[in-house]
Amino acid sequence: MMSDFEHNQGLWPTDSSNMDNQFERFELLSAYMDGELTAQERKQVQQWLDNDPEFHQLYKQLLRVQRETTTIPIPESSVSVDDLSQGVFDTIDRQDRRKRGLIASGIGIAAVIVGSIAHVSLQDGLFPRYARTNGESEALTIALNRPVVEIPPNLR
């Protein structure tokens, strides 16, 4: 977004190649103010400041902004750094405990389901038991009308 100065003074022309050049000049000016230029770059910026009134005006505006930002009061925080960091770690610990609880609950539910299936299957429900003959080839006899062993009348 352009400031009124940039718009009215024509610092940002519509020609894209010239716009790139203006941006590079602005970047160099900013680095000049921060003391981050080589000797040759400082000499170039100083030449622009001496010969270009619009560039010099931009420099004065940036100086004012730089000066005023250092005088802005920084509000004091109502929370100490230790309290803030402790709160962050407490929140992380709570989330970890909640995840562990969900995992343990899931394992418990799975164990109940597996146990229920095993219980039903062992009672001839899903998997009927078959007679084993220990390798002998005896025929299995089933007595339908009369039991093989006589059941005493008092147990009937």
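**A look at helix H4 and two salt bridges**

Okay, let's start with Arg25: this residue is buried, with a relative accessible area of 11% (buried means under 20%, exposed over 50%, partly exposed in between, using a 1.4 Å probe and protein chains only). Before going on, this is a predicted model, where local features need pLDDT of at least 70 and side-chain atom pairs count only at pLDDT 80 or more, while totals for chains, interfaces and linings use all residues. Residues are numbered from 1 along each chain as its sequence is written, and side-chain values use heavy atoms, with hydrogens and water left out.

So what does Arg25 pair with in a salt bridge? Its partner is Asp52, with the closest N and O atoms 2.7 Å apart (a salt bridge is a side-chain nitrogen of Lys or Arg within 4 Å of a carboxyl oxygen of Asp or Glu). That pair links distant parts of the chain: Arg25 sits in helix H2 and Asp52 in the loop between H3 and H4, 27 residues apart. Helices here are DSSP runs of H or I, at least four residues, numbered from the N terminus.

Asp52 also shows up at the start of H4, where one of its side-chain oxygens reaches to within 3.1 Å of the backbone nitrogen of Glu54.

Now H4 itself, residues 53–70. Its buried residues are Phe55, Leu58, Tyr59 and Leu62. Down the helix axis they fall within an arc of 105 degrees, taken from the directions to the C-beta atoms, so they line one face. On the other side, Pro53 and Arg67 are exposed.

The search finds two salt bridges, and Arg64 with Glu68 is one of them, at 3.6 Å.

How values were computed
Helices (H or I, at least four residues) and strands (E, at least two) are DSSP runs, numbered from the N terminus. A polar contact is a pair of N or O atoms within 3.5 Å; within protein, one must be able to donate a hydrogen and the other to accept it, and residues adjacent in sequence count only if both atoms are side-chain atoms.
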